[in-house]
Amino acid sequence: MTVCDNAAAFAALLPARGSLLALDVSKRRIGLAGTDQERRLATALATFERAGPARDLDRLGRVVRERRVVGLVIGLPLNMDDSEGPMAKAARAEATRLAIALALPILLQDERLSTFAVEDAIAEGRLPRPRKGQPVDHHAAAVILADALRALHQ
């Protein structure tokens, strides 16, 4: 399948209906957010600890099947000057691996400031304050997905 850098190319690969799944991928965790079948609403779903490529793929595959996912959105951690560092290169490699393994088109969505947006929402009371040590990666995935939905509807 295809890994896209822009929303228009990604949209051209999608059927008219079907949910999207966004991933906020790090070395330790994967945050998940999903849309409804009409792709109107981004919802934070869950964060899971990485357990190795095979087990991570098995977990993602189950979510893809259960939610009838037709495309993935993966956060691309660009530098503030738009350059790609080691983390962005790792995200591209992960996207390519998942596109092949899950046979889904993937949109790489700029994720700069997504964690800041989550922290800001928590500080303002728009999101509940997590307990100490509780991950918020799924909320960052929801920010990434909301940004992608805006780009898809432009």
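So, the outward side of α2: Ala54, Arg55, Arg65 and Glu66 are exposed there, exposed being over 50% relative accessible area, buried under 20%, and partly exposed in between, with a 1.4 Å probe and protein chains only. Before I go on, this is a predicted model, where local features need pLDDT of at least 70, side-chain atom pairs count only at pLDDT 80 or more, and totals for chains, interfaces and linings use all residues. Residues are numbered from 1 along each chain as its sequence is written, and side-chain values use heavy atoms, with hydrogens and water left out.

Okay, the other side of that helix. Which residues of α2 are buried? They're Asp56, Leu60, Gly61, Val63 and Val64. Looking down the axis of α2, those buried residues fall within an arc of 165 degrees, so they line one face of the helix; the arc is taken from the directions between the helix axis and the C-beta atoms. As a reminder, an α-helix has 3.6 residues a turn, so residues three or four places apart point the same way.

And what sits over that face? The cover includes β2 (19-25), β3 (29-35), β4 (42-49), β5 (69-76) and α3 (86-102). Helices here are DSSP runs of H or I with at least four residues, strands are runs of E with at least two, and both are numbered from the N terminus. Just after α2 comes arginine 68, with a positive phi near 55 degrees.

Now the sheet. It's an open one of six strands, ordered β1-β6-β5-β2-β3-β4, with mixed pairing; two strands pair if DSSP finds at least two bridges between them. β1 (3-4) and β4 stand at the edges with a single partner strand each, so one side of each has no neighbour in the sheet.

Let's look at β3 and β4: they pair antiparallel over seven bridges. Glycine 34 is opposite threonine 43 in β4, and glycine 31 is opposite threonine 47 in β4. Their hairpin has six residues between the strands, and arginine 39 in it takes a positive phi near 60 degrees.

Finally, the helices on the sheet. α3 touches β1, β2, β5 and β6 (106-110), and its direction makes about 170 degrees with that of β5. Contact means heavy atoms within 4.5 Å. Axes are lines fitted to C-alpha atoms, for helices over the stretch in contact, with angles from 0 to 180 degrees between N-to-C directions. Then there's α5 (residues 137-152), lying across β2, β3, β4, β5 and β6 at about 45 degrees to β3.
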